[in-house]
Amino acid sequence: MQPTKELPACPVETTLMLIGDKWKVLILRDLLPGTKRFGELKKSIGTVSQKVLTAQLRDMEENGLVSRRVYAEVPPRVEYSLTELGRSLEPILNAMRTWGENYKSRNHAE
């Protein structure tokens, strides 16, 4: 992890800077159960383009949330997993899941 950017004074803003993008949250969600290859991530996330997914994974890797492992095989195999720092976001994602379930049941149970 490289401290390349100046971090905002507000801790909430810092968190949003790191995971505020829709795709980043979905990447975190899909890596919580364990390591995935690029194609598995793309398929599980759905409508994300290859270019955007690659950019998001690179950004998350630079920020120390995701690790990337390349195997010297033909064709090359690349696997992504959460770092300890990335895994520390699990309670936040669980809270988001719970909140979303409560919102859906309250506002769409009519």
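## A starting point: Arg-77

Which residues does Arg-77 touch, not counting residues up to four places away in sequence? The answer is Arg-37, Arg-69, Val-70 and Tyr-71. Arg-77 has its place in strand S3. Its side chain also makes a polar contact, at 3.0 Å, with the side chain of Glu-79. Keep Arg-77 in mind while reading about the sheet. The model shown here is a predicted one.

## The chain as a whole

The protein chain holds 6 helices and 3 strands. Read from the N terminus, the elements follow the order α-α-β-α-α-β-β-α-α. Along the principal axes, the C-alpha atoms fill a box of roughly 55 × 35 × 25 Å.

The chain has 110 residues, and 33% of them are buried. Now take the contacts with a separation of 6 or more. Residues 24 or more positions apart account for 47% of those contacts.

## The sheet

The 3 strands form an open sheet. Their order is S1-S3-S2, and the pairing is antiparallel. Strand S1 (36–37) and strand S2 (66–71) are the edge strands, and each pairs on one side only. In general, strands of a sheet pair through backbone hydrogen bonds, either parallel or antiparallel.

How many bridges join S2 to S3? There are 6, and the two strands run antiparallel. Strand S3 covers residues 77–82. Several partners can be traced one by one. Val-66 has Leu-82 as its bridge partner in S3. Ser-67 is matched with Ser-81. Val-70 is matched with Val-78. Val-70 also touches Arg-77.

S1 is joined to S3 by 2 bridges, and this pair also runs antiparallel. Here the bridge partner of Lys-36 is Tyr-80 of S3.

## How covered is S3?

S3 is mostly covered, with 6 of its 6 residues buried. Both of its faces are covered. On one side sit Arg-77, Glu-79 and Ser-81. On the other sit Val-78, Tyr-80 and Leu-82. So the two residues in the polar contact, Arg-77 and Glu-79, are on one side of the strand and count as buried because each falls under 20% relative accessible area.

## The hairpin and its cis bond

S2 and S3 are joined by a hairpin through 5 residues. Pro-75 lies in this loop between the two strands. Look at the peptide bond that leads into Pro-75 from Val-74. Is this bond cis or trans? The bond is cis, with omega near -5°. Most peptide bonds are trans.

## Helix H2 and its partner H6

Helix H2 spans residues 22–31, and helix H6 spans residues 90–107. Two packed helices are described by the angle between their axes and the distance between the axes. For H2 and H6, the angle is about 105° and the axes are 11 Å apart. Angles of 65 to 115 degrees count as roughly perpendicular, so H2 and H6 are roughly perpendicular to each other. On the H2 side, Val-25, Leu-28 and Arg-29 make the contact. On the H6 side, Leu-93, Met-96 and Arg-97 make it. By class, the contact has 4 nonpolar, no polar and 2 charged residues.

How many of the 10 residues of H2 are buried? The count is 8, so the helix is largely enclosed by the rest of the structure. The buried residues are Trp-23, Lys-24, Val-25, Leu-26, Ile-27, Leu-28, Asp-30 and Leu-31. The N-terminal end of H2 is capped by Asp-21. One of the side-chain oxygens of Asp-21 lies 2.7 Å from the backbone nitrogen of Trp-23.

## Glu-62 in helix H4

Glu-62 belongs to helix H4, which covers residues 50–62. Is Glu-62 buried, exposed or partly exposed? Its relative accessibility is 44%. Buried means under 20% and exposed means over 50%, with partly exposed in between. Glu-62 therefore counts as partly exposed.

Compare its place with that of Arg-29. The two residues are 33 residues apart in sequence. In space, they are 18 Å apart, C-alpha to C-alpha. Arg-29 also belongs to the contact of H2 with H6.

Terms used
Residues are numbered from 1 along each chain as its sequence is written. This is a predicted model: local features need pLDDT of at least 70, side-chain atom pairs count only at pLDDT 80 or more; totals for chains, interfaces and linings use all residues. Side-chain values use heavy atoms; hydrogens and water are left out. Two strands pair if DSSP finds at least two bridges between them. Helices (H or I, at least four residues) and strands (E, at least two) are DSSP runs, numbered from the N terminus. Buried means under 20% relative accessible area, exposed over 50%, partly exposed in between (1.4 Å probe, protein chains only). Axes are lines fitted to C-alpha atoms, for helices over the stretch in contact, and angles run from 0 to 180 degrees between N-to-C directions. Angles under 35 degrees count as roughly parallel, over 145 as roughly antiparallel, 65 to 115 as roughly perpendicular and the rest as oblique. Contact means heavy atoms within 4.5 Å. Ala, Val, Leu, Ile, Met, Phe, Trp, Tyr, Cys and Pro count as nonpolar, Asp, Glu, Lys and Arg as charged, and the others, Gly among them, as polar. A polar contact is a pair of N or O atoms within 3.5 Å; within protein, one must be able to donate a hydrogen and the other to accept it, and residues adjacent in sequence count only if both atoms are side-chain atoms.
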